[in-house]
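Got the viewer open? Here is a short tour that tells you what to select at each stop and what you will find there.

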Amino acid sequence: MNVPFVDLRKQYAPLKDEILAGIEKALDGMQLFLGENVQQLEKDFAQFCGAAHGIGVGDGTVALQIILRAMGIGPGDEVITTSHTFIATAEAILLAGAKPVFVDILPDTCLMDVSQVEAKITPRTKAILPVHLYGQTVDMDPLMEIAARHGLRVVEDACQAHGAEYKGRRAGSLGDAAGFSFYFSKNLGAYGEGGFISTNDSELAAKIRMIRDHGSNVRYHHEMVGLNGRLDEVQAVVLRAKLPHLADWNTARRDHAARYADLLKKLPVKTPVEASGSRHIYHLYVIQTARRDQLQAYLKEQGIFTGIHYPVPIHLQKAVDYLGYKPGSLPVTERVTSEILSLPMFAELTDEQIEYVATHVGKFLTEAVPVGS
Ligand SMILES: Cc1ncc(COP(=O)(O)O)c(C=O)c1O
């Protein structure tokens, strides 16, 4: 059997006619960006998140960068975030001209350890950027309380958390603003690049709209230096066709996660932990084992494709050498980096595929193949 890491063709097949008809209509109309599809998606996805305003943008990295710039965050400012995330989180801070300051994560959820945030606040700190990694939200209540006490803004990196819930509220409505990615493999993915910003702050929303379109509301009149961060109509057609299914797809992912957890529960492997008050939507299903590399190689031989999210934490990446972090500075982050393995996870995964994956994880961990063989 072959189990791909994700299989997008299975999702596309039942939506194909609707998507192609929508693209044809958009192309016939030749309104290629910021047209009716983008505008409708902005309303619908903001509503899905429980936020008052939605702004479609070019990708998740630019979403986070635009939010920070709209908040007036730039050179000389610091933004507290985590290092155990995709590089784009830190890139957005650096592209805005500010400096990322990393705190460690919790070993079970791999999410920001909120208890470490306050110690990192300096007079230069302007914002906190929690990453809802793998599809689960950071513990937002204590974080918002710290932010309020110190007058800091909170920007959610919700790029992996479309529909994730914290105490009954969805990612995208928990901080001052949130950035989403519609990268093709996300729980809600485009067929090219796409991103989204949600916020309840109308003033911020207006500034974000302006920055996304070269700092302009009126064509060729530029009130501020912005950038080209627009979402295009063709991607908005795809996203509009998919959005009505997102809640069901997330439920299917949760069912798969429960099945994996049941099948793996007696094995010497750590399965994902859902924090209390949290509704994880399993963008990724990440297990932890000290024999990660050998397990990954063994699974590949069985036709099972896995991923590592992420193998090198940001603070130890060459690109940010100059920030001065050394190995040992974020011990939990550094340990999980060598132990995490993302198993196949997508809504259309079958019971048979899940059982096949779990059987082989079990075989490897209990039957043989010593470390280093
Ligand atoms: C946690 C996180 N932040 C930011 C991004 C950036 O999104 P994009 O790839 O759309 O720029 C991603 C996407 O891969 C992500 O997973």
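Start with the whole chain, and keep in mind that this is a predicted model. Measure between the C-alpha centres of domain 1 and domain 2 and you should get 24 Å. To set that up, select 8-244 for domain 1 and 245-367 for domain 2. Give each a colour of your choice.

**Where the domains meet**

Now go to the contact between them. Domain 1 puts 34 residues into it, and domain 2 puts in 30. On the domain 1 side, pick out helix H1 (8-12) and E6, the elements that give two or more residues to the surface touching domain 2. What is that side of domain 1 made of? Its residues split into 14 nonpolar, 12 polar and 8 charged.

**A little sheet**

Stay with E6, since it leads to the next stop. Select strand E6 (residues 165-166) together with E7 and E12: they form an open sheet of 3 strands in the order E7-E6-E12, with antiparallel pairing. Which strands sit at the edges? Those are strand E7 (169-170) and strand E12 (278-279), each pairing on one side only.

Show the backbone here. Strands of a sheet pair through backbone hydrogen bonds, either parallel or antiparallel. Between E6 and E7, which run antiparallel, there are 2 bridges. Click Glu165 and look across to E7: Arg170 stands opposite.

The loop between E6 and E7 holds Lys167. Check its backbone angles, as Lys167 has a positive phi of about 50° although it is not a glycine. Is Lys167 buried, exposed or partly exposed? It counts as partly exposed, because 13 C-beta neighbours lie inside 10 Å.

**Two more backbone oddities**

Jump to Leu34, in the loop between helix H2 (16-29) and helix H3 (36-49). Leu34 is another residue other than glycine with a positive phi, this one near 50°. Its 18 C-beta neighbours inside 10 Å are why Leu34 counts as partly exposed.

Next, select His309 and Tyr310. The peptide bond joining them is cis, with omega at about 15°. You will find Tyr310 in the loop between helix H10 (292-301) and helix H11 (331-337).

**Into the core**

Time to look inside. The largest nonpolar core has 103 residues, and the ones with the most contacts inside it are Ile67, Leu68, Ala127 and Ile197. Highlight helix H4 (residues 60-70) too: the largest share of this core, 7 residues, comes from there. Keep your domain colours on, as the core draws at least three residues from each of domain 1 and domain 2.

Which residues does Leu68 touch? Leaving out those up to four places away in sequence, they are Ile73, Val79, Ala92, Ile93, Ala96, Ala98, Ala127 and Val155. Show these as sticks around Leu68.

**Last stop: the ligand**

Finally, centre on the ligand and show what surrounds it. There are 14 residues around the ligand, and Gly60, Thr61, Ala88, Cys159 and Ser181 come nearest. Which elements give two or more residues to this shell? They are H4, which you met in the core, and helix H5 (88-95). Colour the shell by residue type and you will see 5 nonpolar, 7 polar and 2 charged residues.

Conventions:
Residues are numbered from 1 along each chain as its sequence is written. This is a predicted model: local features need pLDDT of at least 70, side-chain atom pairs count only at pLDDT 80 or more; totals for chains, interfaces and linings use all residues. A nonpolar core is a set of buried Ala, Val, Leu, Ile, Met, Phe, Trp, Tyr and Cys residues joined through C-beta atoms within 7 Å. A residue is buried if 20 or more other C-beta atoms lie within 10 Å of its own, exposed if 12 or fewer, and partly exposed in between; C-beta atoms are placed from the backbone. Helices (H or I, at least four residues) and strands (E, at least two) are DSSP runs, numbered from the N terminus. Domain bounds come from an automatic or database domain assignment. Two residues are in contact if their C-beta atoms, placed from the backbone, lie within 7 Å. A residue is near a molecule or strand if its C-beta atom, placed from the backbone, lies within 6 Å of it. Ala, Val, Leu, Ile, Met, Phe, Trp, Tyr, Cys and Pro count as nonpolar, Asp, Glu, Lys and Arg as charged, and the others, Gly among them, as polar. Two strands pair if DSSP finds at least two bridges between them.
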